[in-house]
Amino acid sequence: MPNFKYVAYSKDGKEVKGSIEAVDQEDAAKRIKEQGQMVVKVEAEGALDKDLNLSFGKKKASSRDLSVFCRQFVSISTAGVAIVDALEMLGDQTENKALQEAIFNVGASVQKGETLAGSMRKQDGIFPSIMVNMVEAGESSGNLETSFERMAIQFEKSTKIQQLVKKSMIYPIALSVIVVGVVVLMMAFVVPTFSDMYADMDQQLPALTRMVVAISDFVVDRWYILIAVIVVAVIGFKVFAASKMGTYVLADVKRKVPIFGKLTIKSSSAQFARNLSTLTAAGISMIDALDIVAKTMPNVRFRDAVLEAKEKVAQGRPLSEPLKAGGIFPNMIIHMIGIGEETGNMDDMLITAATYFEEEVEAATEQVAAIIEPLLIVVMAGIVGVIIMSILIPMFGMYDLAGGGEV
């Protein structure tokens, strides 16, 4: 979700500035108000703002950090330890500084008489909205440990997929860096050596050689222009990606691009089914659950489809109908939700769908890695081969001239 920077006033009249993740400005203002603050200004955060807001001493809590927190909370609270004491114990042993500070703040708020969910909601996006709502449902029903247990499973599934994707991408990324490094070294050092030698030749160089030499000269003599172009391109891309139009364009690209498109669709479907099953199983109404799930969807097209489905469900239509009409989610998940609606066993069907698509994500990730690795090798061989051929072709010409002179 995009970030929004804001200015607000706390209950004690102090000015508060910060940033928050939200679907849009209205959602950002709503979240800030839920933290008990009076909103003064909310605006979209640009690329430069994001860079300036980087925190070197802290890092945002990952899915793994949150899964460990949930598991440990369940273990400690089921042993009969009070919530405030449990939070203090968990804060002492949490390595992530941002999460540690948030846990201590939550403990202090709970000790003052505030609810656990309300205290977590105030921690500037450390705890995801789905987790806060699950905790709120657990407090209302008296099944707080169950809510944390379900969230632990949720975050563990998310962590597993993230680690699989990272593991699969390590080799392709490393190979890409090697390709760029080899090309730069050849253009900066190898090609200039031969171009100086060819400059003394009294003959015109082949077109391929002239092109490679021109690129080499540009890299050596005007490298600063190349770096400036790259920097401008990166900043331009970030600004475009942060805009509303850019968000939708990139969302469509991620869904339709070859190889990666299916992975995006399957991962979004798995996340939707898992999150919805977790919320509805905790007793949260379907409409509220869909609203929360929509905010967790990373792809804006899927987010809009869920929000549209929420509106139709509020009008009395079954969930499967608007999802099918939206044309975003695959038929498999729509059919499974339809069966769940007919049989009255929605929770089990959502869990089955989530498990199915999570397995599909694992398989698709491995397939993507298997395709990218040889593709990068071919690209690397092609680029290096072109450079080497541009160097060797004039040499063959020199040998032919030398041989002709001897005859």
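Colleague: At roughly what angle do the axes of helix H10 and helix H11 cross?

Modeller: In this predicted model, helix H10 covers residues 223–242 and helix H11 covers residues 244–256. Their axes come within 4 Å. Angles of 65 to 115 degrees count as roughly perpendicular, so H10 is roughly perpendicular to H11. The crossing angle is roughly 95 degrees.

Colleague: How many nonpolar residues does the contact of H10 with H11 have?

Modeller: From H10, Phe237, Phe240, Ala241 and Ala242 take part. They meet Lys244, Met245, Gly246, Thr247, Val249 and Leu250 in H11. By class, the contact has 2 polar residues and 1 charged residue, and its nonpolar residues number 7.

Colleague: Which helix gives the most to the nonpolar patch?

Modeller: The nonpolar surface patch measures about 1,100 Å², and its members include Phe218, Trp223, Tyr224 and Ile235. Ile235 lies in helix H10. With 11 residues, the helix that gives the most to the patch is H10.

Colleague: How many residues apart in sequence are the parts that Arg71 and Glu156 tie together?

Modeller: The side chains of Arg71 and Glu156 meet in a salt bridge, at 2.8 Å from N to O. Arg71 lies in helix H3 (residues 63–78) and Glu156 in helix H8 (residues 144–199), so the pair ties together parts whose separation in sequence is 85 residues.

Key
Residues numbered from 1 in each chain as written. Predicted model: local features only at pLDDT ≥ 70, side-chain atom pairs only at ≥ 80, totals over all residues. Heavy atoms only, no water. Axes fitted to C-alpha atoms, helices over the stretch in contact; angles between N-to-C directions. Helix = DSSP H or I, 4+ residues; strand = E, 2+ residues; numbered from the N terminus. Parallel < 35°, antiparallel > 145°, perpendicular 65-115°, else oblique. Contact = heavy atoms within 4.5 Å. Nonpolar A, V, L, I, M, F, W, Y, C, P; charged D, E, K, R; others polar. Patch = residues over 30% accessible without salt bridge, like charges linked within 9 Å, V, L, I, M, F, W, Y side chains within 5 Å. Areas by Shrake-Rupley, 256 points an atom, 1.4 Å probe, with all protein chains shown as cover. Salt bridge = Lys/Arg side-chain N within 4 Å of Asp/Glu carboxyl O.
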